[in-house]
Amino acid sequence: MMINKRLIGTVEESRKYIGGNVAFQWISLVSNICAMFSVTAFLQKLFYKTASLQDLAIAAAVVIGAVVVRFLCSLGSGKMGYLSSKAVKRTLRELIYKKLLRLGSSYNEKVKTSEVVQVAVEGTEQLETYFGAYLPQFFYAMLAPLTLFAVLSFVNFLSAVVLLICVPLIPVAIAAVQTWAKKLLSKYWGQYTTLGDTFLENLQGLTTLKIYKADEFKNEKMNEEAENFRRITMKVLTMQLNSITIMDLIAYGGAALGVIVSVSQFALGKISLSGCLLIILLSADFFIPMRQLGSFFHIAMNGMAASDKIFKLLDLPEKENRGLHEFPETCEIKCENVSFSYDEEREILHNISMSFPAGSFTAIAGESGCGKSTVAALLTGRNTNYSGKITVGGVPLSEIDEDSLMKNITYVSHNSYLFKGTVYDNLIMGKPDATEEEMWTALEKAKLSEFLKGEKGLETAVAEKGANFSGGQCQRLALARALLHDSLVYIFDEATSNIDVESENDIMAQIQNIAKEKTVILISHRLANTVKADRIYVLSDGEVAERGSHDDLIKNHGVYEKMWNAQQSLENYGKEVDAK
């Protein structure tokens, strides 16, 4: 009942802790039985007025000993539960993390980031309780009634049989609602994921929502999702309350029936007074373990729902690693008749063909939405479901080992991520064995060294996403990190957008210096940045509209020239007014 063999097999380390937990609970039960035997024997002697102080002392000693044993067993059981939970979280989160590494940078084509976070955090928390509480209770609930039956059958067989027969009615009641509960909890997790997706999206885009005053609209949508989640949560709680009520009726009714049978057996003279009292005192212990298991029912169901999502993630198909090539030293990149779409209804790229010779400076230009960044995502392996052919040095991109690909292609975007920590922490990612001298050299090239020398140098604090730096400073730091990476190919995707003119000029100057030694692909909608490129590809509506040098494209009087004239007119507008 709600035992997933694959799940238990995945966390094999937990088995010994679950076994230890059950053992401690069983020892506690045995000590309680011994105490009840001693107490009922003393009460019988007391009733028949044959008790002595020695009998009282023996009974008291046994009870105190049982209390001590049960206390120690409680500590031991808690310790086993903690170790089991710890093993589960460590094992499953490590498996999820390694799975994402194997899926690579294109993992988000197969699973949402918010779902990964929820599964790794909330999902493993549910399984922590499943392993630490439900599974030990499940096995103990099987063992306890059998132990009590074995003991009480020697006291009065009929009473013991009646109690044992009533115990399975609790799991029968649980099984009766299990099918409905499983569907309900599946909907619960689905709604929980949807709410998480909405919340994460709104949180990430909060600034944009405030700027466009769309926060109220999104707030209403968020409230709708929250209300749906509240409704499904109340249904789950109602289900849990109803199942607990049913289990209580069965547990207390079964215990009462056992008491009635034992009293009637005593009245018929088929059982001693101490035996009758013993059955009365221990009748509840037949049902308490199974009743407690029932209270963990919702935990088990949540654990099963969480495990389904975890295994769905772990079972995602991976790229075959056998026979993958290293990144070729002759790193000419070619795209031949490449098409790509994020969904079947809308194709973004239409049979594009491009060539990026080794050691060249190539630019990809075009209006926003024409597919420039999609090309970058394809070249870096972040998007893989394309048709056509992409090769590096004649080797298909899909056959190049991802680690080697990431080592030899550096991608710098307009919003390159800066991590919370220090400048040193962010730079060391570019080159783990970099010296401080190398870091300062990279910072000088990026024109950021003077600013940092006025702060705390490499120990200058960096907030999440570089929130304590200006846009230009963030891009300069990202550029310095990219310089440290020292790869064969650099892709700059709108790396100078949304920053001040001075920072843009400095960064472009450094990009042009890199292009003297490395293969550089510059993606930009601002054509002033593409003038010095060896070759420019002009994208329009997902197709290569034109190709050639800046001068050649101007002479063609096509798409590029129209974009160039429009941008020059806009950029010179203020200067013309000042001249007049």
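1. Let's start just past helix α11: in this predicted model, the helix is followed by G381, a residue with a positive phi, near 85 degrees. It is a handy landmark when you step through the backbone, since the helix itself covers residues 372–379.

2. Helix α11 is worth a look in its own right. Seven of its eight residues are buried, so the helix is largely enclosed by the rest of the structure. The buried set consists of K372, T374, V375, A376, A377, L378 and L379. Please note that a lysine, K372, is on that list.

3. Which residues does T374 touch, leaving aside those up to four places away in sequence? They are F340, Y342, I348 and L349. T374 lies in α11 and has a relative accessible area of 7%, so it falls under the 20% cut-off and counts as buried. Two of its partners, F340 and Y342, belong to strand β1, which spans residues 333–343. Through T374, then, you can move from the helix to the strands.

4. On to the strands. β1 and β4 (residues 386–392) run antiparallel and are joined by six bridges. If you would like a place to check the register, S339 stands opposite S387 of β4. While you view these strands, it may help to recall that in a regular strand the side chains alternate between the two faces of the sheet.

5. β4 also pairs with β5 (residues 395–396), again antiparallel, this time through two bridges. Here T391 stands opposite P396 in β5. The hairpin formed by β4 and β5 has two residues between its strands, and G393 takes a positive phi there, near 60 degrees. A positive phi was also noted above for G381.

6. Finally, a helix pair from elsewhere in the chain. How close do the axes of α5 (residues 157–166) and α9 (residues 273–295) come, and at what angle do they cross? The axes come within 9 Å and cross at roughly 20 degrees. Because angles under 35 degrees count as roughly parallel, α5 is roughly parallel to α9. The crossing of α5 past α9 is right-handed.

7. The contact between these two helices involves S159, A160, L163, L164 and C166 on the α5 side, with I279, S283, F286 and F287 on the α9 side. By type, the residues of this contact divide into seven nonpolar, two polar and no charged. The serines S159 and S283, one from each helix, are both in the contact, and are good places to begin your own inspection.

How values were computed: Residues are numbered from 1 along each chain as its sequence is written. This is a predicted model: local features need pLDDT of at least 70, side-chain atom pairs count only at pLDDT 80 or more; totals for chains, interfaces and linings use all residues. Side-chain values use heavy atoms; hydrogens and water are left out. Helices (H or I, at least four residues) and strands (E, at least two) are DSSP runs, numbered from the N terminus. Buried means under 20% relative accessible area, exposed over 50%, partly exposed in between (1.4 Å probe, protein chains only). Contact means heavy atoms within 4.5 Å. Two strands pair if DSSP finds at least two bridges between them. Axes are lines fitted to C-alpha atoms, for helices over the stretch in contact, and angles run from 0 to 180 degrees between N-to-C directions. Angles under 35 degrees count as roughly parallel, over 145 as roughly antiparallel, 65 to 115 as roughly perpendicular and the rest as oblique. A crossing is left-handed if the near helix is turned anticlockwise from the far one by less than a right angle, and right-handed if clockwise. Ala, Val, Leu, Ile, Met, Phe, Trp, Tyr, Cys and Pro count as nonpolar, Asp, Glu, Lys and Arg as charged, and the others, Gly among them, as polar.
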